[in-house]
Each structure stands twice: as structure tokens, then as C-alpha cells.
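Work through the exercises below with the sequence and the coordinates open. Try each task before reading its solution.

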Amino acid sequence: MLTRRDMMLASIAAGVTMTSSNAFSKAAQPSTPVNFDVPAGACDCHTHIHGDPEKFPFFAGRVYTPEPASPEEMSALHKALRVERVVIVTPSVYGPDNSSTLFGMTARGPTARGVAVIDDKTSESDLDAMQKAGFRGIRLNLATGGVNDPNVGRQRFAAAIERMKARGWHVQLFTSLAMISAIKNLVATAPVPVVFDHFGGAEAALGTGQPGFDELVALVKSGKAYVKISGAYRASKLAPDYADATPLAQALIAANAERVVWGTDWPHPDSVTPQGGKVTEVTPLYQIDDGRLLNQLPLWAPDAAVRKAILVDNPARLYGFT
């Protein structure tokens with residue numbers, strides 16, 4: 001019987017183009033028009049695809065179950081935002097199965113890149129096939145899984161770096177500022193790019209003086225780490241504009257605009273199963289207005305040249321767009 005990995009590799013080899021639709025998907029679409037000139041080649045550097053669960057079953061060890069979100073919906077999102085390129089990241093709900101991400105990348109074509117989740121069973125030939133398909137990094141999701149022990153974080157990060165150093169892929173982390181502080185020395189000496197998700201886990205309400213934020217800024221300033229100014233609604237509770245995230249974004253951009261990328265975090269999964277609920281129960285997606293989120297970028301980066309670096313140049317360098 002074919003495993004999900006076998007199916008993924010077979011689809012890579014065959015160049016299979018898959019289509020999808022799901023009448024029950026409720027992924028958000030922008031309701032606010034973009035109010036500035038988005039440069040050609042702009043990239044949304046953080047998205048997910050939640051395929052039909054019958055075709056792309058969820059990982060048994062997941063901590064939540066999201067609603068579906070299809071490639072067609074993602075394309076509609078980016079058409080509205082005037083964003084041409086995308087990076088699709090395998091979410092924790094699939095474990096080390098990257099089939100749904102590949103499905104989205106295949107549907108999108110050469111304007112897509114992927115970030116995979118791997119484990120000890122992922123072979124070098126698996127990674128070769130994924131590289132050919134457009135994967136350019138791996139993700140360690142320490143936050144959703146509740147990994148707070150610095151020793152565990154350091155071990156997992158060191159193992160990921162060791163695995164990626166010959167390949168040149170980046171290592172992406174969804175974690176906390178406390179964990180970033182614990183691994184900062186490893187990041188500073190890493191032989192591959194390191195990317196932190198969602199403002200590095202900073203909390204907007206605590207401002208730029210919160211513990212660990214200065215260490216994140218230092219890593220960005222040194223050029224040793226990239227940071228995604230993505231998912232502002234994760235850092236802030238001040239909907240709909242999340243104004244208290246602005247100082248965080250401005251500080252990171254001021255530190256080193258060449259190490260900052262932007263992303264929506266579409267389709268905005270709620271990664272916490274409600275208390276008393278079961279992980280198999282579907283948790284609704286957040287309804288976030290990504291047009292309004294993108295319109296914050298000129299407030300964070302008033303200079304059009306800096307916005308071009310964040311939206312176009314930095315993603316092209318990090319993900320290998322040409």
C-alpha cells in the first residue's frame with residue numbers, strides 16, 4: 001500500500017497537476033482594496049494549503065483540525081492583493097507529510113515555493129525530489145507543539161542545521177522569543193539561513209522592550225537571521241489594524257531591511273483546540289482581512305524601495321525565485 005510520502009514522490013516524478021474544490025471551505029478573502037502600488041514580483045512568504053481531508057489526511061498527533069483552504073482560494077486572495085509569488089508552508093496538522101503543500105505548489109506553478117516538515121524517516125532522495133519540486137527550506141514548529149524546553153529546542157535546531165547544511169536550504173522556526181534567546185549562539189554560527197516566523201513570537205502589547213526582542217533584532221541586524229513580519233493578528237489583539245505591531249515591524253525593518261519578508265499567514269488557522277474540545281473537531285479559520293493587513297506595510301516601511309526589498313528582492317534571494 002502506498003504511503004503519503006510515496007504518493008507525494010510519485011506526483012513529483014509524474015508532474016501531476018491536481019485540482020481541488022471544497023464547498024465547505026471558509027478561508028477569508030480580502031474586503032479592503034490595497035491602497036498602494038504593489039511592486040511586480042511581490043511574494044506572500046507565509047501561507048498554507050489545507051487539502052480535502054479524504055485526499056490529504058491529517059497527522060494523528062496534531063493538536064487541532066482546521067477547515068479546508070484550497071489553491072483556488074489562495075489564487076483569488078493573491079489576485080486581490082496583486083501578489084504574484086507565494087511560499088506555501090506545511091502546517092503542523094500534516095506532520096512530516098508534505099503532500100498538501102506540494103498539491104498547492106503544483107497548482108500554482110513556477111510562482112510557488114515550499115517549506116517542508118521532515119523527520120528522521122525523510123531520506124536524502126526524498127529531499128532531492130522536493131528540491132526539484134520547489135521546496136527550499138524546512139520548518140520547525142516548536143510553538144504549536146508546545147516545545148518550551150531550551151534543551152529540546154537547541155537539539156532539534158542543531159539537528160535541522162546539520163541536515164540542511166550540505167543542501168543549502170534554510171531552517172524556519174515558529175517559536176518564542178525565549179527560545180530564540182536560548183538558541184541565539186547556534187543561529188549566529190549557522191551555515192544556512194535561519195528564518196523566524198510571525199515577528200519571532202513577540203507580543204505587540206509588550207512593545208520593543210520585551211525580553212528577547214533585542215536579541216531577535218540583533219540577529220536580524222547581523223544578517224544571521226530573517227524574520228517574517230507576518231500574521232500580525234498573532235502578535236496583537238488590536239483588530240482590525242493591529243496598530244501595536246507597528247513598532248515591532250519598524251524596529252525589525254530599521255535593523256536590517258534586507259532580512260525582512262512579509263506574509264499573510266493565510267488561511268489563518270486557529271491552532272488551539274477549544275478547552276474541552278477534541279482535536280478531531282474542526283476549528284474555524286480566523287476571518288482576517290488581508291487587504292487591510294497588507295495596507296499596514298506602508299506604515300511599517302514608508303519608503304517604496306524598502307517595501308520592494310521586503311516584498312520582492314529578499315524573497316527572491318531566500319527562496320530562489322528568478
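A residue is called buried under 20% relative accessible area and exposed over 50%, with partly exposed in between. The model is predicted.

**Exercise 1. The two sides of a helix**

Task: Find which residues of helix 6 are buried, and work out how they are arranged around the axis.

Solution:
- Step 1. Check the geometry. Helix 6 covers residues 177-188, 12 residues in total. At 1.5 Å a residue the expected span is 16 Å, and the end C-alpha atoms lie 15 Å apart, which agrees.
- Step 2. List the buried residues. They are L177, M179, I180, I183 and V187.
- Step 3. Look down the axis. The buried residues of helix 6 fall within an arc of 125 degrees, so they line one face.
- Step 4. Recall the helical repeat. An α-helix has 3.6 residues a turn, so residues three or four places apart point the same way.
- Step 5. Turn to the other face. Away from the buried side, helix 6 carries the exposed residues A178 and N185.
- Step 6. Identify the cover. Over the buried residues of helix 6 lie, among others, helix 5, strand 6, strand 7 (194-196), helix 7 (213-222) and strand 8.

**Exercise 2. One residue of that face**

Task: Describe the surroundings of I183.

Solution:
- Step 1. Place the residue. I183 belongs to helix 6.
- Step 2. Apply the cut-off. I183 has a relative accessible area of 0%. Buried means under 20%, so I183 is buried.
- Step 3. List the contacts, leaving aside neighbours within four places in sequence. I183 touches G153, R154, F157, L173 and F196.
- Step 4. Compare sequence and space. N151 is 32 residues from I183 in sequence, with 9.1 Å between their C-alpha atoms.

**Exercise 3. Salt bridges**

Task: How many salt bridges does the structure hold, and which residues does R167 join in a network?

Solution:
- Step 1. Take the total. There are 11 salt bridges.
- Step 2. Start from R167. This residue bridges to D128, with 2.9 Å between the closest N and O atoms.
- Step 3. Locate the ends. R167 sits in the loop between helix 5 (150-164) and strand 6 (170-174), while D128 sits in helix 4 (residues 124-133). The pair is 39 residues apart and links distant parts of the chain.
- Step 4. Check exposure. R167 is buried at 18% relative accessible area, whereas D128 is partly exposed at 45%.
- Step 5. Extend the network. Salt bridges link E124, D128, R163 and R167.
- Step 6. Add two further pairs. E162 and K165 form a salt bridge at 3.2 Å, N to O. E162 is partly exposed at 49%, and K165 is partly exposed at 45%. K308 and D313 form another at 2.8 Å, N to O. K308 is partly exposed at 37%, and D313 is partly exposed at 33%.

**Exercise 4. Enclosed elements**

Task: Decide how far helix 3, strand 5 and strand 9 are buried, and find the strand partners.

Solution:
- Step 1. Take helix 3 (residues 99-108). Eight of its 10 residues are buried, so helix 3 is largely enclosed by the rest of the structure. They are S99, S100, T101, L102, F103, G104, M105 and R108.
- Step 2. Look just past its end. G109 follows helix 3 with a positive phi of about 85 degrees.
- Step 3. Take strand 5 (residues 135-141). Six of its seven residues are buried, so strand 5 is largely enclosed too.
- Step 4. Find its partner. Strand 4 (residues 112-116) pairs with strand 5 in the parallel sense over three bridges. A116 stands opposite I138.
- Step 5. Take strand 9 (residues 260-263). V260 and W262 point one way, V261 and G263 the other, and all are buried.
- Step 6. Find its partner. Strand 8 (residues 225-230) runs parallel to strand 9, paired over four bridges. S230 has G263 as its bridge partner.

**Exercise 5. A loop threonine**

Task: Which backbone oxygen does the side chain of T273 reach?

Solution:
- Step 1. Place the residue. T273 is in the loop between strand 9 and strand 10 (282-283).
- Step 2. Judge exposure. T273 is buried, at 17% relative accessible area.
- Step 3. Find the polar partner. The T273 side chain reaches the backbone oxygen of V63 at 2.6 Å.
- Step 4. Complete the contacts, leaving aside neighbours within four places in sequence. T273 is in contact with V63, Y64, K278, V279 and T283.

Conventions:
Residues numbered from 1 in each chain as written. Predicted model: local features only at pLDDT ≥ 70, side-chain atom pairs only at ≥ 80, totals over all residues. Heavy atoms only, no water. Salt bridge = Lys/Arg side-chain N within 4 Å of Asp/Glu carboxyl O. Helix = DSSP H or I, 4+ residues; strand = E, 2+ residues; numbered from the N terminus. Buried < 20%, exposed > 50% of the residue type's maximum accessible area, 1.4 Å probe, protein only. Pairing = 2+ DSSP bridges. Expected span 1.5 Å × (residues − 1). Arc of directions from axis to C-beta. Contact = heavy atoms within 4.5 Å. Polar contact = N/O pair within 3.5 Å; in protein donor to acceptor, adjacent residues only side chain to side chain.
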